[in-house]
Amino acid sequence: MPHQDRGKRGMGPLLQSGELEEMVRSVREAQSVAILTGYPCCLHDPPTETDGPLGAIAMARAISALGIRTVILTDECNEAPVSAALKASLRAYPPSSPSRQACVVKAFPGGDVDAKKIVATYELDYVIAIERPGPAEDGGYYTMKGRDMSQSVGIAKLEQLLDLRVDSVSTYACGKSGTRWLKSAGIGDGGNELGMGKRRALVSEHVQLGAKIGCVTEHARGQRVQRPPGLSVLSELGVCETRVRHSNHALLLPNSPSFSPTSAHQTDHLVAAGVSNWGGWAVCFALYALIKKFVPSDHNETMAFLAADTDLKQVLPTCEGELAVLEAMVAAGA
């Protein structure tokens with residue numbers, strides 16, 4: 001279902017086999033994950049649409065159940081509906097154990113964010129963006145109809161988290177420079193979301209208004225992408241032997257002499273979906289299947305597996321649970 005392009009937005013060509021599996025395998029190795037969401041495209045107040053936060057909260061619940069810290073980041077204009085959804089999720093999916101990592105929502109005003117402080121505060125090593133506005137070529141944050149949302153609401157530039165590079169030469173075994181960007185993944189359904197820059201050319205070709213609204217990838221502050229000397233593609237993707245410990249990190253910002261401009265808008269992994277919430281739910285099930293070492297052969301076998309597993313109730317999304325979360329978002333104004 002996640003790959004069904006029911007809105008006929010042109011997502012089909014953006015799909016890539018194996019991307020979902022690659023993403024969940026990389027998430028499984030994370031220690032602390034920030035999930036960015038909130039698409040303020042509506043004309044009412046708050047302007048939050050319901051697509052995105054449900055998938056974000058479901059992923060946070062599944063990832064937290066593995067002992068990985070999570071935090072949900074959004075804009076102040078989206079805070080009320082997203083926070084209401086998280087509270088409803090806790091009621092719909094009560095933790096099976098008090099030890100399950102608690103997730104919180106942190107909201108930011110429109111404009112630049114202190115990315116270094118955010119990464120240090122939450123000790124982040126992974127960022128997931130789901131239905132999160134991505135800046136277009138002209139810097140605008142567009143709806144599918146080409147309206148620049150930043151002209152009417154304050155959008156926090158959370159994509160600046162992906163401007164940061166981690167430098168821990170003494171403990172990090174990836175590349176001679178010991179430097180890499182935070183690992184990242186994007187989930188979207190229209191080409192204008194953060195992470196969609198990875199398929200920028202396809203967005204321009206197949207999505208209506210794609211050239212205008214598409215999230216860019218190869219320009220950051222007007223400069224072409226450059227990799228740090230000695231940094232291989234594999235190390236950029238996080239293929240390494242030594243896990244990063246944040247106590248040994250130095251975070252390099254754009255004003256650092258050793259900073260090389262990168263795209264704040266392309267993620268390592270991209271899950272294109274018919275609806276972004278569907279993509280988030282798919283990540284939950286794929287992550288669980290990975291942990292359980294389950295390889296489904298058909299739909300019936302998958303449903304039998306899910307029905308027989310008693311651990312699912314507190315972790316994976318259900319129709320009843322997601323409806324309760326959705327209703328809480330709507331009641332909060334979404």
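## Strand β1 and its partners

Val33 of strand β1 stands opposite Tyr126, a residue of β4. The model behind this report is predicted. Strand β4 covers residues 126-130, and 4 bridges pair it with β1 in the parallel sense.

Val33 has a bridge partner in β2 too: Thr70. Strand β2 spans residues 69-75 and runs parallel to β1, with 5 bridges joining the two. Val33 therefore links to both strands, with Thr70 in β2 and Tyr126 in β4, under the rule that strands pair if DSSP finds at least two bridges between them.

## Buried on both faces

How many residues of strand β1 are buried? The count is 5 of the 5, across residues 32-36, so the strand is largely enclosed by the rest of the structure.

In a regular strand, side chains alternate between the two faces of the sheet. In β1, one side carries Ser32, Ala34 and Leu36. The other side carries Val33 and Ile35. Every one of these residues is buried, and both faces of β1 are covered.

## From β1 to β2

Helix α2 takes in residues 53-64. Together, β1, α2 and β2 form a β-α-β unit, and this unit is right-handed.

The loop between β1 and α2 holds Cys41. Which residues does Cys41 contact, leaving aside neighbours within four places in sequence? They are Pro47, Glu49, Thr143, Arg147 and Met149. Arg147 lies 106 residues from Cys41 along the chain. Even so, the C-alpha atoms of Cys41 and Arg147 are separated by 8.6 Å.

## Charges over rings

Arg61 places its charged end over the ring of Tyr93. The distance to the ring centre is 3.6 Å. Lys106 lies over the face of Phe108, and here the distance to the ring centre is 5.7 Å.

What does a search of the whole structure find for aromatic pairs? The number found is 0.

## The chain as a whole

The chain contains 10 helices and 11 strands. It has 334 residues, and 55% of them count as buried.

Contacts often span long stretches of sequence. Take the contacts between residues at least 6 apart: 80% of them join residues at least 24 apart in sequence. The surface exposed by the chain comes to about 14,700 Å². Carbon and sulfur atoms supply 53% of that area.

Terms used. Residues numbered from 1 in each chain as written. Predicted model: local features only at pLDDT ≥ 70, side-chain atom pairs only at ≥ 80, totals over all residues. Heavy atoms only, no water. Phe/Tyr/Trp six-rings, centres within 6.5 Å; stacked < 30°, edge-to-face > 60°. Lys NZ or Arg CZ within 6 Å of the ring centre and 35° of its normal. Buried < 20%, exposed > 50% of the residue type's maximum accessible area, 1.4 Å probe, protein only. Helix = DSSP H or I, 4+ residues; strand = E, 2+ residues; numbered from the N terminus. Right-handed = clockwise from strand over helix to strand, strands pointing away. Contact = heavy atoms within 4.5 Å. Areas by Shrake-Rupley, 256 points an atom, 1.4 Å probe, with all protein chains shown as cover.
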